[in-house]
Amino acid sequence: HRTVGSGVGLALCRRLLEEDGRIHLCIACRNVQKSEATRDLILATHPAARVSTVEVDLGNLVSVLRVARELRCRFQRLDFVYLNAGIMPNPHVNFKALWHGLLTGKVLHMLTTAEGIMTQTDRLNGDGLQEVFATNLFGHFILVRQLECLLCGNEKPSRLIWTSSSNARESAFSLSDYQHAKGRESYSSSKYATDLTSVVLNRKFNKQGLYSSVVCPGLVMSNMTYRILPVFLWKLLMPIMWLIRFFAKTYTLTPYNGAEAHVWLFKQKPEHLDALVKYHSCTSGLGKSYVEPRKLDVDEETAEKFYQKLLELEKETLERYSDLLD
């Protein structure tokens, strides 16, 4: 099961079927038309595949609770849940910071992590939560909590694989403002919160056969990326970006390459993985894809405190939707 529409999500579905054509894929999108269109694209290359669909908006708690109930009715267990939905509303490039990076020699680091050069404008959603936090993290968290009966205590381990980012930075995250209402880097904050959550989920659930991992797809040209700059500018920049890849291995550029770490984890035994590592999809200058593990920059005490805040918020918000709970 995964949240998918295009980009890395669609590429991952195809690559998983290449690894094992017997799997049952359940793809989740925000609207039925997109779900069906994605299903048709998958079946065009894998006509014998078992592919079903569900509709869910991860930024809407009613939608999340409804889809969790539907999945509990449809399935007895889930082996893999790829948690991939994400938004980056109104992204802006800070060209002044980029120019400063050029002058100080930090430009390659900035271009590979977007540190200091990417800002977003966030807003409250219908549940009274910050939209980026709700969509990128909290909706996924509630979904996982609601699906515990399908994920824990199975014959073989179940896996959560979160799409994080190299933009996940501790400096953008604050426990006192974990929804990032006061800052301008809500995307970075939400991805750092994802890393924290994954670490604690392993501590809480490994004994019950549930394992969590985080991956970074690198810089992939997708609908989200294309919104950062005008399309004509991306076209002008593409030759430069292919060149940068000789120096920046995280410039995966294509969705197929971006899904490398997701697919690699599909083939690993989870009990042998390090819970404090993020798995990065990388591509060499000549186009060879590979996976690079990098230690997570997380403080485990902060992770535990944040997890407790998530549980408190869960209790507070779900009290409003008791009619959708079993």
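This section describes the overall make-up of a predicted model, followed by the setting of S165, the cysteines C216 and C282, and the packing of helices α3 and α6.

The protein chain contains 13 helices and ten strands. Of its 326 residues, 57% are buried. Contacts across the chain were also examined by sequence separation. Among those between residues at least 6 apart in sequence, 73% join residues at least 24 apart.

S165 is located in a loop, with β7 (158-163) on one side and α8 (186-205) on the other. The relative accessibility of S165 is 10%; because this value is under the 20% cut-off, S165 is classed as buried. A polar atom of the S165 side chain lies 2.8 Å from the backbone nitrogen of N167. When neighbours within four places in sequence are set aside, the residues in contact with S165 are Y187, K191, V215, C216 and K278. Of these contacts, Y187 and K191 fall within the residue range of α8 (186-205).

C216, one of the residues in contact with S165, was considered next with regard to disulfides. The count of disulfides in the model is zero. C216 takes part in no disulfide, and the nearest cysteine sulfur to that of C216 belongs to C282, 8.1 Å away. Likewise, C282 is in no disulfide, and its nearest cysteine sulfur is that of C216, at 8.1 Å. A disulfide requires the two sulfur atoms to be within 2.5 Å, so the separation of 8.1 Å between C216 and C282 does not qualify. Both cysteines are nevertheless buried: C216 has a relative accessible area of 2%, and C282 has a relative accessibility of 0%.

Helix packing was examined for α3 (residues 61-74) and α6 (residues 131-146). The axes of these two helices are 9 Å apart and meet at an angle of about 30°. Since angles under 35 degrees count as roughly parallel, α3 and α6 are therefore assigned to that class. The crossing of the two helices is right-handed. On the α3 side, the contact is formed by L61, V64, L65, V67, A68 and R72. On the α6 side, the contributing residues are F138, G139, I142, L143 and Q146.

Note on methods. Residues numbered from 1 in each chain as written. Predicted model: local features only at pLDDT ≥ 70, side-chain atom pairs only at ≥ 80, totals over all residues. Heavy atoms only, no water. Helix = DSSP H or I, 4+ residues; strand = E, 2+ residues; numbered from the N terminus. Buried < 20%, exposed > 50% of the residue type's maximum accessible area, 1.4 Å probe, protein only. Polar contact = N/O pair within 3.5 Å; in protein donor to acceptor, adjacent residues only side chain to side chain. Contact = heavy atoms within 4.5 Å. Axes fitted to C-alpha atoms, helices over the stretch in contact; angles between N-to-C directions. Parallel < 35°, antiparallel > 145°, perpendicular 65-115°, else oblique. Left-handed = near helix turned anticlockwise from the far one by under 90°.
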